[in-house]
Amino acid sequence: MHIGVYGSGYVGTVISACLADFGNPVTCYDSNSERVSATAQGVVPFYEKNLKDVIRRNVRAGRLIYSTDVESFAAKSELIFLAEDTCTNIAEIALQIAGNASKKAVLVLVTPAPVGTARRVEQQLRAAGHKQAVVSHPVFLTDGCAVEDFNWPDRVVIGAENPDAIMMLKQIYRPLAMRGVPVIVTNYETAELVREASTAFVATKISFINELSTLCEHVSADAVDLALALGLDKKIAPRCLQPGAGFGGPFVESDMESLVQLANNSGVSLKILTAAREVNNSMSDRVVDKISQLVQKVQDKEVGLLGLAFKPNTNSVASSSSIHLARSLSEKGAHVRAYDPVAIPDAKHELNALPIHYCDSAYHAAEGADALVVSTGWPEFRALDFERIKRLLRKPIIVDTKNLLDGPRMKSMGFQYVGMGRARKG
């Protein structure tokens, strides 16, 4: 069947490319002709590992095409994924597409949206006399490994009430089902809640280990060993249980805010989620305190910052703890020298009012610094020439907020190395 994907932002670009990679004919629509033309050539306005290769491969094979003609796009598509990055105008978009699509077409809502959106869209379609089925289909994409997440998901969630629509989605995802990926069919509201609840649970898990890492520093315990031991418990698992890692990304805050609003409107208090958000928000203050203790106040000190993206392998700085740290240091009078392999343009936009000095290499960021802070866990930072780093630093101080480096090695080289929750060793 022919698949249409409405939107060429982050969500739409990833989904259209990956669906085409399954062997489906896919048309990706966007009204922005410049963006469509660039994307068709594999030039996307964000960094996402392996995505350019997937786009180019499927464009060459003729499975993936891009269009700015919404009428022909809707008319020829049997399954239409609404994949904008925001749900602001999702009902209007659905009505526009339904007016040009076949009555048997299925509208699949993958745009991150609050609970109740699919039901509202369906009601508005019916009120306008349209017959197309609606599906709520949350996708779980992590910046930096979105292609892998799409190809090897933990589950496929389909919120639908139309049997034919369910069968069409199952047919599309048959390659995943054949690998043993569970397919969960439920109603609209549950499917929408799965996304927000998953985000909230991960946020809680991350905040939990970060709180314990603070305790570790006070009782001479080691947070990394603690996380390893906890993660080996099948009831807990190791993913997202690394001390020092804050939660962030372009959809995290909106997911959690939507969930909190839903709870408030329903008269329910989400105390655990509130606490998790408070812990996450306090992470940058905790790091600034560490740096202040090491350099005797950060005011007028040079601080090198390695990493600005919220995680490795992405240029996204949305809700990035590194951005919060850069802002906090600058506001307290520190002179921040920052480097990131791909996220500097986005960081400049986010921190445009602050006097951050952006560097073209990690060594440039370290030059003359009173302390060097590893703020994003880019693997390339492990391979730096630390003898050179030591010569460049004014003081041989490294604050490793991600516990990325080999602490004992750093100390043996003469660095004053401080990790997160590493009071006992490393």
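**View 1. Helix α14 lies across three strands of an open sheet.**
In this predicted model, helix α14 (residues 283-295) lies across β12, β13 (397-400) and β14. Its direction runs at about 165° to β13. Helix α15 (residues 321-331) packs on the sheet too, where it touches β9, β10 (335-339) and β12. Check α15 against β9 and you get an angle of about 175° between their directions.

**View 2. Six strands line up in parallel to make the open sheet.**
Reading across, the order is β11-β10-β9-β12-β13-β14. Which strands stand at the edges? Those are β11 (357-358) and β14 (416-418), and each has a single partner strand, so one side of each is left without a neighbour in the sheet. Zoom in on strand β9 (residues 302-306) and strand β12 (residues 371-374), and you'll find a parallel pairing over 4 bridges. Here G304 sits opposite L372 of β12.

**View 3. Strand β4 pairs with β1 and with β5.**
Strand β1 (residues 3-6) runs parallel to β4, and 4 bridges join the two. V5 is the residue facing F81 of β4. Strand β5 (residues 106-109) also pairs with β4 in the parallel sense, again over 4 bridges, and I80 stands opposite L107 there. How do β4 and β5 fit together with helix α5 (residues 90-98)? The three make a right-handed β-α-β unit.

**View 4. Strand β4 is covered on both faces.**
This one is about the side chains of residues 79-82. L79 and F81 are on one side of β4, I80 and L82 are on the other, and all four are buried. Two of these have already turned up in the pairing view: F81 stands opposite V5, while I80 stands opposite L107.

**View 5. Helices α6 and α10 cross at an angle of about 140°.**
Helix α6 (residues 117-127) packs against helix α10 (residues 188-219), with the axes 8 Å apart. Why is the pair called oblique? Angles over 145 degrees would count as roughly antiparallel, and the angle here is about 140°, so α6 is oblique to α10. On the α6 side the contact takes in T117, A118, R119 and E122, which meet Y188, E189 and E192 of α10. Sorted by type, the residues of this contact come out as 2 nonpolar, 1 polar and 4 charged.

**View 6. T401 is a buried residue in a loop.**
You'll find T401 in the loop between β13 and α19 (407-412). Is T401 buried or exposed? Its relative accessible area is 5%, and the cut-off for buried is under 20%, so T401 counts as buried. Leaving out neighbours within four places in sequence, T401 is in contact with P243, G244, V287, V373, V374, S375 and M420. For a sense of scale, I172 is 229 residues away along the chain, and the C-alpha atoms of I172 and T401 are separated by 42 Å.

**View 7. A223 in helix α11 is buried.**
A223 belongs to helix α11 (residues 223-231). At 0% relative accessibility, A223 is buried. What does A223 touch, not counting residues up to four places away in sequence? The list is S213, C216, P243, M420 and G421. P243 and M420 are also among the contacts of T401. N403 is worth picking out as well: A223 and N403 are 180 residues apart in sequence, yet 9.8 Å apart in space from C-alpha to C-alpha.

Conventions
Residues numbered from 1 in each chain as written. Predicted model: local features only at pLDDT ≥ 70, side-chain atom pairs only at ≥ 80, totals over all residues. Heavy atoms only, no water. Buried < 20%, exposed > 50% of the residue type's maximum accessible area, 1.4 Å probe, protein only. Pairing = 2+ DSSP bridges. Right-handed = clockwise from strand over helix to strand, strands pointing away. Axes fitted to C-alpha atoms, helices over the stretch in contact; angles between N-to-C directions. Parallel < 35°, antiparallel > 145°, perpendicular 65-115°, else oblique. Contact = heavy atoms within 4.5 Å. Nonpolar A, V, L, I, M, F, W, Y, C, P; charged D, E, K, R; others polar.
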